[in-house]
Amino acid sequence: MAEYKVGTDGVEGNGHGLLEAILRALLCVTSMAGVIVMVTSKQTKMIPISPTMAVPMDAKFDHSPSYIYYVAALSVACLYAIITGASSFLALKKTGGSYGKPQFKTVILDSLLFGIVVAAAGATTGVAYIGLRGNSHSRWHEICHKYGSYCHHLAVSIILSLMSSIELLLLIWLSFYMLLKKIGGSQKY
């Protein structure tokens, strides 16, 4: 596979590289914030079990396997954003660097991570929706009317994960655009 060189003028390459570095920094921030908000989503309520007795019941993220998967997926996204963000930043400092193979590998990894983050956000949203509305067919009762703070944390964390998904999608589009621009050269599509 041929390697394509970025021009030494750096005007277009640095503009795209700067946008990539910004998107990776945003990915790091939103995924880390999503993990922090999810991990701190704990609420304890006194639940009556009889007219004269109530017991404390916790609602925590680690009570659901989908929430644990969600935390793991966003943690991986944050770590990935740190590593690729650092390499993007270093590529900005370097002029005339090689751009073909590393960019192709990055778009593949970005796509894989996009699938993981979207799957985690979807699984978490499904469980959170049952917590919000319940499921009368399965006799699962809603819990958000009792654990409001917990459900608020979940909602904020889900929004942050959707923002991370959008940032990854933008990174994929940007990478494809830059690859097509390098491969296509002056050809019109």
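Okay, a definition to begin with: helices here are DSSP runs of H or I with at least four residues, strands are runs of E with at least two, and both are numbered from the N terminus. Counted that way, the chain comes to 4 helices and 2 strands. And before I go on, please keep in mind that this is a predicted model.

So, the layout. Reading from the N terminus, the elements go α-β-β-α-α-α. The chain has 189 residues, and 38% of them count as buried. If you take the contacts with a separation of 6 or more, 78% come from residues 24 or more positions apart. On the outside, about 11,200 Å² is exposed, and carbon and sulfur atoms supply 70% of that.

Let me get the strands done early. How do β1 and β2 pair? They are antiparallel, with 7 bridges, β1 covering residues 43–50 and β2 covering residues 53–59. The connection from β1 to β2 is a hairpin through 2 residues. If you want one pair to click on, take Ile47, whose bridge partner in β2 is Val55.

Now to helix α1, which is residues 11–39. I'd like to walk along this one, starting with the charges. There are 2 salt bridges in the structure. Which residues do they link? Glu20, Arg24 and Asp110, joined in a network. The general idea is familiar: side chains of opposite charge can pair when their charged atoms come close.

Take Glu20 with Arg24, where the closest N and O atoms are 3.2 Å apart. Both residues sit in helix α1, and they are 4 residues apart, about one turn of the helix. Then Arg24 also bridges to Asp110, with the closest N and O atoms at 2.8 Å. That second pair ties distant parts of the chain together, since Arg24 is in helix α1 while Asp110 is in helix α3, residues 100–133, and the two are 86 residues apart.

Are these charges buried or exposed? Glu20 and Arg24 are both buried. For Arg24 the relative accessible area is 0%, so it falls in the buried class. Asp110 also comes out at 0%, so Asp110 is buried too.

Staying on α1, let's look at the nonpolar side chains. Leu18, Ile22 and Leu26 make a nonpolar surface patch of about 260 Å². Leu18, which lies in α1, has 47% relative accessibility, so it counts as partly exposed. Further along the helix there is Ile36, and with 48% relative accessibility it is classed as partly exposed as well. Ile36 and Ser75 are 39 residues apart along the chain, and their C-alpha atoms are 9.7 Å from each other.

On to the cysteines. How many disulfides does the structure hold? Just 1. The partners are Cys144 and Cys151, with their sulfur atoms 2.0 Å apart. The link is left-handed, at -90 degrees about the S-S bond, and both of its cysteines are buried.

Then there's the other pair you might be eyeing, Cys28 and Cys78. Why is there no bond for Cys28? Because its closest cysteine sulfur, in Cys78, is 3.7 Å away, which is too far. The cut-off that matters for this is that the sulfur atoms must be within 2.5 Å. Seen from the other end, Cys78 has Cys28 as its closest cysteine sulfur, again at 3.7 Å, so Cys78 stays unbonded as well. Neither one is out on the surface by our classes: Cys28 has a relative accessible area of 13% and is buried, and Cys78, at 8%, counts as buried too. The class boundary there is under 20% relative accessible area.

Last stop, helix α4, residues 148–184, where we find Ser157. Its relative accessible area is 0%, so Ser157 is buried. And what does Ser157 touch, once you leave aside neighbours within four places in sequence? Its contacts are Gly34, Val37, Met38 and Tyr70.

To recap the pieces I'd look at on screen: the network of Glu20, Arg24 and Asp110, the disulfide of Cys144 and Cys151, and Ser157 with its contacts Gly34, Val37, Met38 and Tyr70. That's what I have, thanks.

Technical notes:
Residues numbered from 1 in each chain as written. Predicted model: local features only at pLDDT ≥ 70, side-chain atom pairs only at ≥ 80, totals over all residues. Heavy atoms only, no water. Patch = residues over 30% accessible without salt bridge, like charges linked within 9 Å, V, L, I, M, F, W, Y side chains within 5 Å. Areas by Shrake-Rupley, 256 points an atom, 1.4 Å probe, with all protein chains shown as cover. Salt bridge = Lys/Arg side-chain N within 4 Å of Asp/Glu carboxyl O. Buried < 20%, exposed > 50% of the residue type's maximum accessible area, 1.4 Å probe, protein only. Contact = heavy atoms within 4.5 Å. Pairing = 2+ DSSP bridges.
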